[in-house]
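Biologist: I would love a close look at the aromatic side chains in this protein. Could you walk me through how the rings are arranged and what lies around them?

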Amino acid sequence: MIKKYVVAFALLLFPLGIFAKDEDEETVTLSLEQALDYALQNSRTLKSNDIDLALKERAAKYSWNVFLPTVTVAGTMSRATEYSPSSAAMAQMMAAMAGTTGTTPKTDFDGEEDHWTTVGSISASLNLSLAYIWQIRAKKADFEVGKITWEQSQKETLLNVKKLFYGLLLQQESLKIQKATLENARQRMVQAQTNYRNGTIPELSLLQTQVNYQNTRPDVEQQEQALGQSLDTFAFLLGMPVGTKIVLDGSIEPKYIEADVISLIETYGANDLNLRSLQSNLDVLNLNLKALDIATWTPALSISYGWQPAYIGNEGAWHFWGDIGSDDKWYDSGSLSLTLAWNITNMLPWSSNRQQAKDLKANIAKLELTMETLRENQKMEVRKAVDTLNQAKQQIDAMGRNVTLAQRAYDATYRSYRNGMTELLDLRDAEESLNKAKLGLLNQKFNYISALMDLENTLNTTLVDDESE
């Protein structure tokens, strides 16, 4: 289970230089509160989600830009390869319209410049549709979806940090128990050596203590290595130098609550981010469907204006820049058009437009079913978490008493062993029972904390006040 949380934490990266450091700057002390703060500020996953949210925010903020007209300005110089009568006729007509009666249009190309003509153009167009209103609303609703997704990512990141932190504490406490067992085995071996030299125990008893100590060492060393690797991975993910020692500042002590499934769902059920996200997505689909229907059943208005000035001066096309503003050397043409268009094909039941509307309705129906399923799943998850909390609480109480009894049994067995009235095997059994009781108590405390975090995450609320978080 602990390795799973280490892998889950692999998406997080923390900065260097803001940890509480000892004087030798090789050991850092890290609390849960610090880990959570660093994750919020420096998680690469969260930074990526910030970018996604910014994209949606910008799209919503400027969704009104569908009402901006399309304006184009262009200038064209074209070269004719051959002289044509139509070109001469056009030149005469434009000259007449411009009032240049005193000039004689050319009837043939006299030079390279006569091959060229200069024309400018400015055009503006604007398309208007009632569907734009619902498209803008859909963009804003999509931004709300993005905010919920961003919040979900934050919650998931913090949950992974918490579970990994407590998982490392559990691994650390387990190692402490094993080290205490190893130290007890060493002390028994040393005592046995003294007793053997004094002739109070046979060599077999000495060998038994030595074998017990040597058998215990590999397990402790393996657990110590595993914890060291986990902490090294933790340090690497924090962005710290390889080999930096980490000291976890915390303990596995749960804060208990009284939980009732029905009251929890009634009070906090609507806070579920998954439900809120689905509802927001449902709103987006409904707005898109509304926009599509309006675009189908209402006409669209198109407004366009174009202006095209052409240079007709006798100086030649390359000299247009010197005659800008001269009305008698430019021919202006322009037009304004207003078009009301209604796409009849889109109204046909078998058209791509109507098929797209049917697809949107089908997706809406699917989301509604998903929401219904999610509500039932929420009830199941809450019930499961509450059952785990109640069971863990009972186990914690029972195992707490069991640890007390196991400790008394071990102490009594140890005194009997030192007095030579109990075999080493009996002492080892008593010690193993004590260790099992301690580890069981720690595991149940961890299970309670983990189940409480899952419950809070499911309901998107805080059920206990924890100043350490």
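Modeller: Happy to; here is a tour of the aromatic pairs, followed by a few features around them. Please keep in mind that this is a predicted model.

The structure holds 4 aromatic pairs. A pair of aromatic rings is described by the distance of the centres and the angle of the planes. Take F67 and Y132 to begin with: their ring centres are 5.7 Å apart and their planes stand at 80°, so this pair is edge-to-face. F67 belongs to the loop between α3 (44-61) and β3, while Y132 is in helix α5, so the contact ties together parts that are 65 residues apart in sequence. How exposed or buried are the two partners? F67 counts as partly exposed because its relative accessibility is 35%. Y132, on the other hand, has a relative accessible area of 17% and is buried because the cut-off for that class is under 20%.

Another of the pairs is made by Y410 and Y414, and this one is stacked, with 6.2 Å from centre to centre and 20° between the planes. Both tyrosines are in helix α9 (residues 352-418), and because they are 4 residues apart, about one helical turn separates them. An α-helix has 3.6 residues a turn, so residues three or four places apart point the same way. Y410 is buried at 9% relative accessible area, whereas Y414, with 27% relative accessibility, counts as partly exposed.

One more ring has a charge for a partner: the charged end of K393 sits over the ring of Y256, 4.9 Å from the centre of that ring.

Now back to helix α5, where we met Y132. This helix covers residues 131-197, which is 67 residues. From its first C-alpha to its last, α5 reaches 99 Å, close to the 99 Å expected at 1.5 Å a residue. Just after α5, G199 takes a positive phi of about 80°.

Aromatic residues also turn up on the surface. Y305 and W307 join V71, V73, I122, L336 and L338 in a nonpolar patch, and together these residues have about 720 Å² of accessible area. The elements giving two or more residues to this patch are β3 (70-79), β6 (300-311) and β7 (330-341). L336 is found in strand β7, and with a relative accessible area of 58% this leucine is exposed, because that class begins over 50%.

Note on methods
Residues numbered from 1 in each chain as written. Predicted model: local features only at pLDDT ≥ 70, side-chain atom pairs only at ≥ 80, totals over all residues. Heavy atoms only, no water. Expected span 1.5 Å × (residues − 1). Patch = residues over 30% accessible without salt bridge, like charges linked within 9 Å, V, L, I, M, F, W, Y side chains within 5 Å. Areas by Shrake-Rupley, 256 points an atom, 1.4 Å probe, with all protein chains shown as cover. Salt bridge = Lys/Arg side-chain N within 4 Å of Asp/Glu carboxyl O. Buried < 20%, exposed > 50% of the residue type's maximum accessible area, 1.4 Å probe, protein only. Phe/Tyr/Trp six-rings, centres within 6.5 Å; stacked < 30°, edge-to-face > 60°. Lys NZ or Arg CZ within 6 Å of the ring centre and 35° of its normal.
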